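Visitor: Hi! I'm new here and would like a walk through this one. Could you show it to me?

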Amino acid sequence: MRPAQWTVEQVVAWLTEIGLGEYGPQFRQQEMEGTALKRLCMLLNQDSGASGNAKTQAVWRQQVEEACGLNKLGHFLVFWSELSRLDF
(Lines give C-alpha, C1' and ligand atoms only; values in the text may rest on other atoms or scores of the structure.)
Protein backbone atom coordinates (compact mmCIF):
# COMPACT_ATOMS: atom_id res chain seq x y z
CA MET A 1 0.00 0.00 0.00
CA ARG A 2 1.34 3.41 -0.94
CA PRO A 3 1.88 5.87 1.91
CA ALA A 4 -0.78 8.22 0.47
CA GLN A 5 -3.33 5.50 1.28
CA TRP A 6 -2.22 4.94 4.88
CA THR A 7 -4.68 5.24 7.73
CA VAL A 8 -3.83 7.28 10.81
CA GLU A 9 -2.77 4.07 12.58
CA GLN A 10 -0.43 3.16 9.71
CA VAL A 11 1.13 6.62 9.93
CA VAL A 12 1.61 6.10 13.67
CA ALA A 13 3.22 2.71 12.97
CA TRP A 14 5.59 4.41 10.49
CA LEU A 15 6.52 6.99 13.12
CA THR A 16 7.41 4.12 15.46
CA GLU A 17 9.53 2.49 12.74
CA ILE A 18 11.56 5.68 12.27
CA GLY A 19 12.06 6.14 16.01
CA LEU A 20 9.46 8.87 16.53
CA GLY A 21 6.67 6.82 18.07
CA GLU A 22 6.36 9.29 20.95
CA TYR A 23 4.54 11.61 18.53
CA GLY A 24 1.83 9.07 17.74
CA PRO A 25 -0.80 10.59 20.06
CA GLN A 26 -0.40 14.03 18.48
CA PHE A 27 -0.62 12.59 14.96
CA ARG A 28 -3.79 10.73 15.98
CA GLN A 29 -5.27 13.89 17.45
CA GLN A 30 -4.49 15.81 14.25
CA GLU A 31 -5.86 12.93 12.10
CA MET A 32 -2.64 12.74 10.08
CA GLU A 33 -3.35 10.03 7.55
CA GLY A 34 -1.46 9.27 4.35
CA THR A 35 -3.01 11.98 2.20
CA ALA A 36 -2.19 14.58 4.83
CA LEU A 37 1.42 13.33 4.98
CA LYS A 38 1.68 13.60 1.20
CA ARG A 39 0.42 17.18 1.24
CA LEU A 40 2.75 18.08 4.09
CA CYS A 41 5.68 16.57 2.20
CA MET A 42 4.81 18.60 -0.87
CA LEU A 43 4.50 21.81 1.16
CA LEU A 44 7.78 21.31 3.01
CA ASN A 45 9.73 20.28 -0.07
CA GLN A 46 8.42 22.95 -2.43
CA ASP A 47 10.16 25.58 -0.33
CA SER A 48 13.33 23.70 0.54
CA GLY A 49 15.34 24.08 -2.66
CA ALA A 50 17.83 26.76 -3.54
CA SER A 51 15.04 28.86 -5.00
CA GLY A 52 12.69 28.06 -2.11
CA ASN A 53 11.23 30.58 0.25
CA ALA A 54 12.89 30.05 3.63
CA LYS A 55 10.24 32.15 5.37
CA THR A 56 7.43 29.93 4.06
CA GLN A 57 9.37 26.82 5.03
CA ALA A 58 9.82 28.20 8.56
CA VAL A 59 6.07 28.82 8.81
CA TRP A 60 5.30 25.21 7.83
CA ARG A 61 7.88 23.89 10.26
CA GLN A 62 6.25 25.93 13.02
CA GLN A 63 2.84 24.55 12.08
CA VAL A 64 4.15 20.98 12.26
CA GLU A 65 5.80 21.70 15.61
CA GLU A 66 2.65 23.15 17.12
CA ALA A 67 0.16 20.65 15.70
CA CYS A 68 2.16 17.45 15.99
CA GLY A 69 4.57 18.22 18.81
CA LEU A 70 7.74 17.90 16.74
CA ASN A 71 9.47 20.71 18.60
CA LYS A 72 12.94 19.17 18.85
CA LEU A 73 15.03 20.12 15.84
CA GLY A 74 16.68 16.71 15.64
CA HIS A 75 13.32 14.95 15.64
CA PHE A 76 11.93 17.33 13.03
CA LEU A 77 14.94 16.70 10.78
CA VAL A 78 14.53 12.92 11.09
CA PHE A 79 10.82 13.28 10.35
CA TRP A 80 11.40 15.50 7.32
CA SER A 81 14.16 13.28 5.96
CA GLU A 82 12.10 10.11 6.32
CA LEU A 83 8.98 11.84 4.99
CA SER A 84 10.90 12.89 1.88
CA ARG A 85 11.94 9.27 1.28
CA LEU A 86 8.37 7.99 1.12
CA ASP A 87 7.15 7.01 -2.35
CA PHE A 88 3.69 8.53 -2.38
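Guide: Happy to, and let's start with the rings: there are 4 aromatic pairs, a pair being two rings of Phe, Tyr or Trp (its six-membered ring) with centres within 6.5 Å, called stacked with planes under 30 degrees apart, edge-to-face over 60 and tilted for the rest. One of them is the tilted pair of Trp6 and Trp14, 6.1 Å centre to centre with 45° between the planes.

Visitor: Before we go on, what kind of model is this?

Guide: This is a predicted model, where local features need pLDDT of at least 70 and side-chain atom pairs count only at pLDDT 80 or more, while totals for chains, interfaces and linings use all residues. Residues are numbered from 1 along each chain as its sequence is written, and side-chain values use heavy atoms, with hydrogens and water left out.

Visitor: Thanks. Back to Trp6: is it buried or exposed?

Guide: Trp6 is buried, with a relative accessible area of 14%. Buried means under 20% relative accessible area, exposed over 50%, and partly exposed in between, using a 1.4 Å probe and protein chains only. Trp14 is buried as well, at 5%.

Visitor: Which residues form the aromatic cluster?

Guide: Trp6, Trp14, Phe27 and Phe79 form one aromatic cluster.

Visitor: Which residues of helix 5 are buried?

Guide: The buried ones in helix 5 are Phe76, Phe79, Trp80 and Leu83. They cover an arc of only 95° around the axis, which puts them on the same side of helix 5. That arc is taken from the directions from the helix axis to the C-beta atoms. Helices here are DSSP runs (H or I, at least four residues), numbered from the N terminus.

Visitor: And what do those residues pack against?

Guide: The buried residues of helix 5 pack against helix 1 (8–17), helix 2 (24–29), helix 3 (34–46) and helix 4 (54–68). Contact means heavy atoms within 4.5 Å.

Visitor: How far apart are the end C-alpha atoms of helix 5?

Guide: They are 18 Å apart. That agrees with the span expected for the 13 residues of helix 5 (residues 73–85), at 1.5 Å a residue. The expected span is 1.5 Å times one less than the number of residues.

Visitor: New topic. How many salt bridges are there?

Guide: A search of the whole structure gives 4. A salt bridge needs a side-chain nitrogen of Lys or Arg within 4 Å of a carboxyl oxygen of Asp or Glu. One of them joins the side chains of Arg28 and Glu9, at 2.8 Å from N to O. Arg28 lies in helix 2 and Glu9 in helix 1, so this pair ties together parts that are 19 residues apart in sequence.

Visitor: Is that pair buried or exposed?

Guide: In between: Arg28 is partly exposed at 38% relative accessible area, and Glu9 is partly exposed at 44%.

Visitor: What about a salt bridge inside one helix?

Guide: Try Arg61 and Glu65, whose closest N and O atoms are 3.0 Å apart. Both lie in helix 4, 4 residues apart, about one turn of the helix. Arg61 is partly exposed at 24%, and Glu65 is partly exposed at 21%. Another example is Arg85 with Glu82, with the closest N and O atoms 3.6 Å apart. Those two are 3 residues apart in helix 5, or about one helical turn. Arg85 is exposed at 62%, whereas Glu82 is partly exposed at 23%.

Visitor: Which ring does Arg61 lie over?

Guide: Arg61 lies over the face of Phe76, at 5.0 Å from the ring centre. The rule for a charge over a ring is that NZ of Lys or CZ of Arg is within 6 Å of the ring centre and within 35 degrees of the ring normal.

Visitor: Nice. Which residue has a positive phi although it is not a glycine?

Guide: Glu31 does, with a phi of about 55°. Most residues other than glycine have a negative phi. Glu31 is in the loop between helix 2 and helix 3, and at 59% relative accessibility Glu31 counts as exposed.

Visitor: Last one: where is Glu66?

Guide: Glu66 is in helix 4 and is exposed, at 57% relative accessibility. The C-alpha atoms of Glu66 and Gln26 are separated by 9.7 Å, with their positions 40 residues apart along the chain.
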